[in-house]
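Welcome! Take a moment to look over the sequence and the 3D view before reading on.

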Amino acid sequence: MDEIRERVNGVIASGRYVGGPEVDALEANLCHLTGAKCAVGVSNGLDALRLILRGYIAMEEMSAGDEVIVPANTYIASVLAISDAGLVPVLAEPDAATSNLDFTLLESLVTPRTRAIMPVHLYGRVCYSPELHRLAEKYGLKIIEDNAQAIGASILTADGLRVFTGNLGDAAAISFYPTKNIGAMGDAGAVLTSDERLAQTVRALANYGSDVRYHNIYKGFNCRLDPIQAAVLNVKLPHVAQENAYRRRLASIYFETLKDSPAVASGALRLPRMPADPEEMVWHQYVVHAADRQHLISELDRLGIRYDIHYATPPHRQPCYDGVFPGSFPVTDLLAASCLSLPITRTTSEEDAHRIAQLIAESDITREI
Ligand SMILES: *Cc1c(COP(=O)(O)O)cnc(C)c1O
């Protein structure tokens, strides 16, 4: 907090409240962290996604009515960005074991109008497979990562290289919403890409569509990153590995304490899969699935354990998309009806996680199943 206060005071004293050295530093830090060549600080995660899509439209790589494949099981912002840009979201069912895209279904969703796939690293789990790249190459599709939930996660490639989320496709959006693994003290986000032309286009679009001051090549927006938020983030970003490691410890405590419990053995409770490579998961949420969620909720309420639900209503069931998506999404519906998030933040101590897991293990949540 002292470091944050000092840097925020620096911005206040500078008299420069839009752009400036803190924004430049954050962009450089994000490139260093992810390996992406370019970073553009923007107002929030949804705007980051919107700007990427609008950027491709400005570059004539996409146009109105083109399709973008996106998980049906995601936070609604991923889908909103696509419809906002005048593109058509095509929902893809998840793999129930990971809650992320089921890669085997993707090819059947590709049409002559498909221009991109938007993998979402849901709950902090990398959504990636070499198949994704093969498919993108085969059909000339962009891969646009929704990396709102998985900053600092990485995969090990067949060549032994570590590649970080944000650098797994053509472009990526990050959110620094306060509850994300690295959170600002307000709204903030960033676009990452190694495509310099896209980065320039996004930067112009986020600044009224202006390339040079008072010269507007696009009908743009004002989606700039606040330098006070950038200052906060420049203090927090170097701690991302530590932050994620702490969440991994809490996840291991939940897993080790619950894996042999009667609830898990009976199938009443399913724990999130522990990835073989721990770096592939940064545990933005620790999401369990309960056969009878209402019963689990009443037990948690009785025990005084806080929880949340991410997310109870999937995008295709939201009133704003009423009747928009043809077909049914039974895996998404099942996950939405059974998911429940246990506490996994900095304010959850290791002792808390132990106690929570023990109470759940000893509780009677197999009853009525
Ligand atoms: C948080 C989030 C967003 C939106 O980010 P904001 O900064 O809140 O606009 C987009 N996609 C996913 C998956 C998110 O979790």
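What follows is a short tour of the ligand site, the aromatic pairs and the charges over rings.

Please keep in mind that this is a predicted model.

**Around the ligand**

Let us begin with the ligand. Which residues are around it? The list starts with Asn-44, Gly-45 and Leu-46, and goes on to Tyr-75, Ala-77 and Val-120. Further along the chain come Asp-146, Ala-148 and Gln-149, then Ser-175, Tyr-177 and Lys-180. Sorted by class, this shell has six nonpolar residues, four polar ones and two charged ones.

Some of these neighbours place an N or O atom by an oxygen atom of the ligand. The table shows three such contacts, so you can find them in the view.

| Residue | Part of the residue | Distance to a ligand oxygen atom |
|---|---|---|
| Leu-46 | backbone N or O atom | 2.9 Å |
| Ser-175 | side-chain N or O atom | 2.6 Å |
| Lys-180 | side-chain N or O atom | 2.9 Å |

How much of the ligand's exposed area does the protein bury? On its own, the ligand exposes 380 Å², and the protein buries 90% of that.

**Aromatic pairs**

Now to the rings. The model has four aromatic pairs. One of them joins Tyr-254 and Tyr-286, whose ring centres are 4.8 Å apart, with 35° between the planes. This pair counts as tilted. Tyr-254 belongs to helix α8 (residues 240–258), while Tyr-286 belongs to strand β13 (residues 286–290), so the pair ties together parts that are 32 residues apart in sequence.

Is Tyr-254 buried or exposed? Tyr-254 is buried, because its relative accessible area is 0%, and buried means under 20%. Tyr-286 is buried as well, also with a relative accessible area of 0%.

Tyr-286 has another aromatic partner, Trp-283. Here the centres are 5.2 Å apart and the angle between the planes is 25°. The pair of Trp-283 and Tyr-286 counts as stacked, because planes under 30 degrees apart fall in that class. Trp-283 is buried too, with a relative accessible area of 2%. Together, Tyr-254, Trp-283 and Tyr-286 make up one aromatic cluster.

**Charges over rings**

Two arginines are worth finding in the view as well. The charged end of Arg-50 sits over the ring of Phe-221, and its distance from the ring centre is 5.3 Å. What lies over the face of Tyr-246? That residue is Arg-346, at 4.5 Å from the centre of the ring.

Key
Residues are numbered from 1 along each chain as its sequence is written. This is a predicted model: local features need pLDDT of at least 70, side-chain atom pairs count only at pLDDT 80 or more; totals for chains, interfaces and linings use all residues. Side-chain values use heavy atoms; hydrogens and water are left out. A residue is near a molecule or strand if one of its heavy atoms lies within 4 Å of it. A polar contact is a pair of N or O atoms within 3.5 Å; within protein, one must be able to donate a hydrogen and the other to accept it, and residues adjacent in sequence count only if both atoms are side-chain atoms. Accessible areas come from the Shrake-Rupley method with a 1.4 Å probe; for residues, only the protein chains shown count as cover. Ala, Val, Leu, Ile, Met, Phe, Trp, Tyr, Cys and Pro count as nonpolar, Asp, Glu, Lys and Arg as charged, and the others, Gly among them, as polar. Rings of Phe, Tyr and Trp (its six-membered ring) pair if their centres lie within 6.5 Å; planes under 30 degrees apart count as stacked, over 60 as edge-to-face and the rest as tilted. Helices (H or I, at least four residues) and strands (E, at least two) are DSSP runs, numbered from the N terminus. Buried means under 20% relative accessible area, exposed over 50%, partly exposed in between (1.4 Å probe, protein chains only). A charge sits over a ring if NZ of Lys or CZ of Arg is within 6 Å of the ring centre and within 35 degrees of the ring normal.
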